[in-house]
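User: Could you take a close look at one part of this model for me, the nonpolar core and the strands around it? I would like a connected account that I can follow with the structure open.

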Amino acid sequence: MSPDSVATVQIAKSGAFASPGPQMPLSFLKNTERGEIIRISGKEDVRKYLSELGFLPGTVISVVNTVKGNIIVDVKGSRVAIDAAMASKIIVSQ
């Protein structure tokens, strides 16, 4: 095993290459499904607004209900309603 392969194996074991699973927009989750926030896309003001609501990378969220394109999400014990456009900016992994 070459030194480069050893380094790759060590990095892989540390989790640097670990895939969190399939990634999708929050709007793709169905009622009662949970996901971990991977990243927030969009403009700075949108990302700031969502982070103030508790949508931060690493946070586990669950969909409570969807009503006419709006999504009610449980974030850190609080229920927050966002529209489908905002939900599409939140990338989650199941």
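Analyst: Happy to help; what follows begins with confidence, moves through the core and its strands, and ends at a helix.

This is a predicted model, in which local features need pLDDT of at least 70 and side-chain atom pairs count only at pLDDT 80 or more, while totals for chains, interfaces and linings use all residues. Residues are numbered from 1 along each chain as its sequence is written, and side-chain values use heavy atoms, with hydrogens and water left out.

The average pLDDT (the predictor's confidence in each residue, from 0 to 100) is 83 for the protein, and 79% of the residues score at least 70. Over residues 2–18 the pLDDT is below 50, and this stretch has 5 contacts in the model beyond near neighbours in sequence; a contact means heavy atoms within 4.5 Å. Where pLDDT is low, the predicted coordinates should not be read in detail.

Now to the core. A nonpolar core is a set of buried Ala, Val, Leu, Ile, Met, Phe, Trp, Tyr and Cys residues joined through side-chain atoms within 4.5 Å. Buried means under 20% relative accessible area, exposed over 50%, and partly exposed in between (1.4 Å probe, protein chains only). The largest such core has 18 residues, of which Leu26, Phe55, Ile61, Ile90 and Val92 touch the most other members. Strands S2 (34–40), S3 (60–67), S4 (70–75), S5 (78–82) and S6, together with helix H2 (44–52), each give two or more residues to this core, and S4 gives the most, with 3 residues. Helices (H or I, at least four residues) and strands (E, at least two) are DSSP runs, numbered from the N terminus.

Val92 is a good place to start. It lies in strand S6 (residues 90–93) and is buried, with a relative accessible area of 0%. Val92 and Pro25 are 67 residues apart in sequence, yet 6.0 Å apart in space, C-alpha to C-alpha. Not counting residues up to four places away in sequence, Val92 touches residues including Pro25, Leu26, Ile37 and Ile61. On the same terms, the partners of Ile61 include Leu26, Phe55, Val73 and Val92.

Next come the strand pairings; two strands pair if DSSP finds at least two bridges between them. S2 and S3 pair in the antiparallel sense over 3 bridges, with Glu36 opposite Val60 in S3. S3 also runs antiparallel to S4, and 6 bridges join them; here Asn65 stands opposite Ile72 in S4. The hairpin of S3 and S4 has 2 residues between the strands, and Lys68 takes a positive phi near 50° there.

Thr59 is found in the loop between H2 and S3 and is buried, with a relative accessible area of 10%. Its side chain reaches the backbone oxygen of Leu56 at 2.9 Å. Leaving aside neighbours within four places in sequence, Thr59 is in contact with residues including Gly35, Gly54 and Val75.

Finally, helix H2. A salt bridge is a side-chain nitrogen of Lys or Arg within 4 Å of a carboxyl oxygen of Asp or Glu, and by this rule the count comes to 1. The side chains of Glu44 and Arg47 meet in a salt bridge at 2.6 Å, N to O. Because these two are 3 residues apart in H2, about one helical turn separates Glu44 and Arg47. Glu44 is exposed at 52% relative accessible area, whereas Arg47 is partly exposed at 31%.

Technical notes:
Polar contact = N/O pair within 3.5 Å; in protein donor to acceptor, adjacent residues only side chain to side chain.
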